[in-house]
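Trainee: Hi, do you have a few minutes to go through a structure with me? I'd like to ask as we go.
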Amino acid sequence: MEAHEEKPIIYTMENKPIVTCAGDQSLFTSLYTSLAQQLPKEPMEWRRSYGRAPKMIHLEANFVQFKEELLPKDGNKALLTFPFLHIYWTDCCDTEVYKASVKEDMQRWQNILRLHSSVDWLIVVVESDAKKKNKTNILPRTSIVDKIRNDFCNKQSDRCVVLSDPLKESSRSQESWSSFLTKLRTLLLMSFTKNLGRFEDDMRTLREKRTEPGWSFCDYFMVQEELAFVFEMLQQFEDALVQYDELDALFTQYVLNFGAGDGANWLGSFCAPVRSWNGLLLRRPIDMEKRELIQRGEASLLDLRSYLFSRQCTLLIFLQRPWEVTLRALELLHNCVQELRLLEVSVVPGALDCWVFLSCLEVLHRIEGCCDRSQLEANCSHTVGLWTYATEKLKSLGYLCGLVAENGPTSEDLNRTVDLLAGLGTERPETGITMQSPYKKLKEALSSVEAFEKHYLVSALRKGDPERAEGFLEESLRLYVAEGWSLQVTHTRKQMAECQKLLRQTDDYLQTSALLAGDANLNQEERTHFCQEILSFASQPPGPSDQTVALSMAAFAQLRQLQFSPPGAVVHVGAALQLELRVRCLMPVAVHVGQLAATLHFSLEQGGARGRAGQGDGVVLFPQGSPLSGAGCSLTPALELYEMQDRSPSDSSLNSAGVVCKNVHLLLRRHDSNASLDTPTAGVLPAAVAVDDGAQMLRARDVTLQPGDNSILFTAPVRNPGSYTLRQLCGSVGRVQFVQSHIYPVVQYEVYSQEPQLTIEPLSGLSVYNLLAGIPQRVKFTIATGHYSIKKGDALQLSNTDSMPILHSSRCSATILSSTGGQALSIQSSEKVTSISLPPTPPYHTLEFQLEVLCHIPPAPLKLDSERLTNGEVRHRSKSRSHADSAMIHIDQKVSIDCPWSIYSTLISLTFYVPFKAKHTLLSAGRRKYIQVCLQNVSDSNFHLADPVLVERQPTTTVELLSLNAKRQQLVCSQQSLFCLWEMRWAKDLPPCLQCEFSASFVPISALDPPAAFKTYRYEFQLDRAEICPASGDKHCRTGTLCGLEVSITRQAEPSETEGEEEESTEIEGLKTTKLMYEVVDNSSNWAVCGKSSGVVSMPVAPSATHRVQMEVMPLFAGHLPFPNIKVFKYLPHSAAQVIQPDTDSCLENDNLSLLDKGLDDQGDTASIRSRGSVHSVGSGEQQREQQRGLPMPRLEPFSPGQVFNWTQGRQVLVLPATDDHVMEVNVT
Amino acid sequence: MAVCIAVIAKENYPLYIRSVPTQNELKFHYTVHTSLDVVEEKISAVGKAMADQRELYLGLLYPTEDYKVYGYVTNSKMFRKLHNSFTDVMCNPFYNPGDTIQSKAFDGMVSVMMVQAS
């Protein structure tokens, strides 16, 4: 205890609050050990002022003998030396003794305390049985305590405690100890609270005075540090750290204010030039040297900061927060450098670097000292900053002292080094013994180049190892390019260029130079330099072994757009096709390109180019993006996945589940080509660079590319038909070739070869139906010459037809499109052919001329419904059919044309429409008969009609036709009709047949054309008398009487070849006949058929063969009765082999069977059935089947609809209510 | 005030980068690029701890002697403004996410936040 007083106690780490002991020293000494052990055993809650959270603390104390000097004098703010509690020990149990000496001693003690206004005291009365036994005349023990309390503890009875038998192991003793300790702790804490509170108040007051002129930060620092020390003493490191942090913040604020122009006087001492830069010192708990400097107000900024940080570091390590040390250290180092700058402190160049380097290493050493390796590795992220900073500083020192210069340090450098070394001072004793101290490291590193290199991995480039440097650079360049950091890319490329130049990697160097020359991040001067590098290389005459150097086009120029002219990019052989290529040259100066060529890939395949050559306007835009900004695109796109589940349709259970990638096409794309363009080190470009001279190419010679956009015109080769795809672009500048190995998007053009074509079409505009028969029509001939060139003398040979003569017209002239003026056509007609000589026309031109043709309207009536009735002989080339919609009759006129380019005749069909349709009617008025002809204009044109004439074809004298038509000329508008009427007069009997011909003249009304000649329209028709043959004798049928019914069956159609099988012709008797069954049925019960109602007749296979059958019928009612129905069937006799077709097809077989079944239902002698198609069935196979089927039966088969025409359908016969005979005629067609 | 503001895509390429003393642009770019390592570190640490993943503010990334690089944190509302402006850019239907930001409004916002070049 005495020893404590001699030593400056505050500077050991074993600081404890001081408690003084007065009274019986020997008594205390006997209890000291127990007391010192027992006191910290139990924690005590410390309630604190200012709302600070209460804390549990373990109290310890430094018990010292009471001396008056220990008590603080007024104004002494020292806290560490402050006695927090004063204890008076006594074991007095004798009142006499007490009165005699102890009381007096206590009084003196109290007086001293009161003098120093110390109120934290305690009187301990130790009682022991041993002592009691010795004294017989003892007062009750309480009496002494009571006396003491009475004498000293005025209203503070708790200031006197009794400790019973402290040295004995008894429960009483324990109890007594416990209550004593609690009391002691409570009082200690009370004292702390009170005294610290007072101290803090004083400190705050001091701080508030900081604006006053005489205020000194250093003084304040000392005061607040005192508090920090106390907290540290109480093991309240957190609180202690707060004190230092507050000091730190306060100082920082002052420096910042100084920077803002608000300087404090006391800061002047910190602005002294830096003379020592020996770094942080963290190995001592308290750096007394620095502390004294601060106390004396002589500390420099670095001293203060170093001291402050060393304290913070110590506390943080106590708090087990080493990583905060590293963070704070970095912050501190940065901060110090800034503050020195801010305070404009003069510093020897490099001094700060030394200081920072040493400090970094010191911090790292300190951290390493208190952590194990695994902890360090796990937290390397915290230390990396310091390492980096140290490295950086060492590097800058290396530069400063010429240690990295190629030639070693100069004398100036050496001087500087000496200065720096001087500032380091001497090594501190703590580290002096170790081999590896930051101080030693730095000193060694600065002392020689070799040592520096050892300590600092020198940039390989600087030290002449460009090969390794290039590797590193390339790697970082790849990263920068991939991530699109353009400035870094530029910078790294510049370094690479340097390496490559040193390494004489010509290709790579040129490629890098090209990229740099086009780099917008560089200034014009630098770019020009790199461009000149390329150009000067290019202009060197190539050595014998030198080959041309191929570089990527991307660095040199960018394709902007390509324009085809004509825009379709599809031309015929030999035509002119131009491509305008717009290129953005990235070079800073104009570059003369000897040849700019694009190789073409030729393929015979055609048709693919359309649509790919651009959007119709013939412009292909190349995707833009500077070589660098495309980085985002070059990155692999993110996977787009979606879940796929396949469930069973029945119970929706999961069959399979999977993951499908939606953007496979993007992910699985080739990447290499894209990368190789950007990576300058890919010096050897793909083999495609070797330009094949034999291939077709677009070529432009001697082009000068100005910086920026240039336009180059190419003429595309179009010699052979096929499609041409642009593959690669190559610009040659001397020995250097700039190559773009792919052109994307695909640029194609197509060259085609076309056969000559002749088309004939009506000259539009005349009418909707275009060509009308009967009037001259203009027809346009168009000849697309294709690859054929029409020579002089070439002529079209048109075969003449009677029905369509070609009219000669003087207006005929041929026009060659895309040339000027018309050229006369000469048309020569002979009997068979019309020859049109064509004007000479170059290939791929269109020749047009017009001809007037006339299609005669066929004179015979054109029956609408039947083609078979038309006269095949006359119109073997023209087929007339009714127009589906308008019932317009049209004539297909075929023209055979011999073209000079072909050995074959061209057959061209022209369709003419007949503008009119005629109908006739026989009208009766009494006994007078009139013939009315209705002429309908079915065309869209208007016509004038004149001279309607009706004549008999075979003039007879018996009939006279009297025209009732007044007007000579009439207008027939489109879709209108004209009616003409004639009265028929006859002298004798009417002939059974009257063949008439109607004719009228017509002319189209046209506003433009002069009135054309009238053409004649003919309409022939025949009037037949109705073939009603009344029965001989009787005029009328009468009910109830039998009348004769003559059934007449006439074959109207000849069985055609194809239909022959259906008409069951049998050749058994040598004569070709068909058997028919007829049946007279009357469903309406108007008639009674008498006798045989049905029968089978054999019809000869010849046209108009007629079979007549007489029958008897009886009308059952009077009046106009409809004729009885007559049914006709095909009769298939049983004699022919009945069967199913052998092997042909089963479908037909089924058909047969069903017919068979139906036939079996029909009973009757005439009803026989037979299968169709049996004509084919011959051979033994059928015979066998016959037997299997049983008896062969004849069969009936109905005619298909339309095959039978019932002449009497709808006719009626007058039946008088009397018996009469009547003859009916039934025509079966 | 800021001397350099960069918006970096998650693939580490710059969407937007601008610095005030233009003569030292390269250094800033290098600094920003270096800071990205710290961002990566911090983000992966967040993932591990699973704590406060919504915290967008990464704090001090890379203090250097002269400058402090912050990942989305400051004691002013600077980054909130930047974030709002960035959100606006992203909401632009004509902006293709991943492209370099060329919005004038964003540029203006950044200019306000920057040290006024003297």
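Trainee: How many salt bridges does the rule count over all chains?
Mentor: The count comes to 20 over all chains, where a salt bridge is a side-chain nitrogen of Lys or Arg within 4 Å of a carboxyl oxygen of Asp or Glu. Keep in mind that this is a predicted model, so local features need pLDDT of at least 70 and side-chain atom pairs count only at pLDDT 80 or more, while totals for chains, interfaces and linings use all residues. Side-chain values use heavy atoms, without hydrogens and water, residues are numbered from 1 along each chain as its sequence is written, and chains are lettered from A and ligands numbered from 1 in the order in which they are written.
Trainee: Can you show me one? Which residue does A:E238 meet in a salt bridge?
Mentor: Its partner is A:R321, at 3.3 Å from N to O.
Trainee: And where do A:E238 and A:R321 lie?
Mentor: A:E238 is in helix α8 (residues 237-259) of chain A, and A:R321 is in the loop between α10 (301-318) and α11 (322-342) of chain A, so the pair ties together parts 83 residues apart in sequence. Helices (H or I, at least four residues) and strands (E, at least two) are DSSP runs, numbered from the N terminus.
Trainee: What about salt bridges across the interface of chain B and chain A, how many does the rule find?
Mentor: Zero across that interface. There are three residue pairs in polar contact between chain B and chain A, both residues at pLDDT 80 or more. A polar contact is a pair of N or O atoms within 3.5 Å; within protein, one must be able to donate a hydrogen and the other to accept it, and residues adjacent in sequence count only if both atoms are side-chain atoms.
Trainee: Which element of chain B gives the largest share of the side that touches chain A?
Mentor: That is α1(B), with eight residues. Contact here means heavy atoms within 4.5 Å, and 19 residues of chain B are in contact with 20 residues of chain A.
Trainee: How much area is buried between chain B and chain A?
Mentor: About 1,700 Å², with carbon and sulfur atoms giving 59%; buried area is the accessible area (1.4 Å probe) that two parts lose on being put together, summed over both.
Trainee: Switching to sheets: what is the strand order in the parallel one?
Mentor: The order is β4-β1-β5-β6-β7 (chain A), five strands in an open sheet. Two strands pair if DSSP finds at least two bridges between them. The edge strands of chain A are β4 (62-65) and β7 (160-164), each pairing on one side only.
Trainee: How many bridges pair β5 and β6 of chain A?
Mentor: Five, between β5 (residues 83-90) and β6 (residues 121-127). Within that pairing, A:L122 in β6(A) is the bridge partner of A:I87.
Trainee: What about the antiparallel sheet, which strands does it have?
Mentor: Four strands of chain A, in the order β13-β9-β11-β17, make up that open sheet. β13 (619-621) and β17 (708-715) each have a single partner strand, so one side of each is left without a neighbour in the sheet.
Trainee: Any backbone oddities? Is the peptide bond from A:S565 to A:P566 cis or trans?
Mentor: Cis, with omega near 5°, and A:P566 sits in the loop between β9 and β10 (570-572) of chain A. Also, A:Y844 has a positive phi of about 55° although it is not a glycine. Most residues other than glycine have a negative phi, and most peptide bonds are trans.
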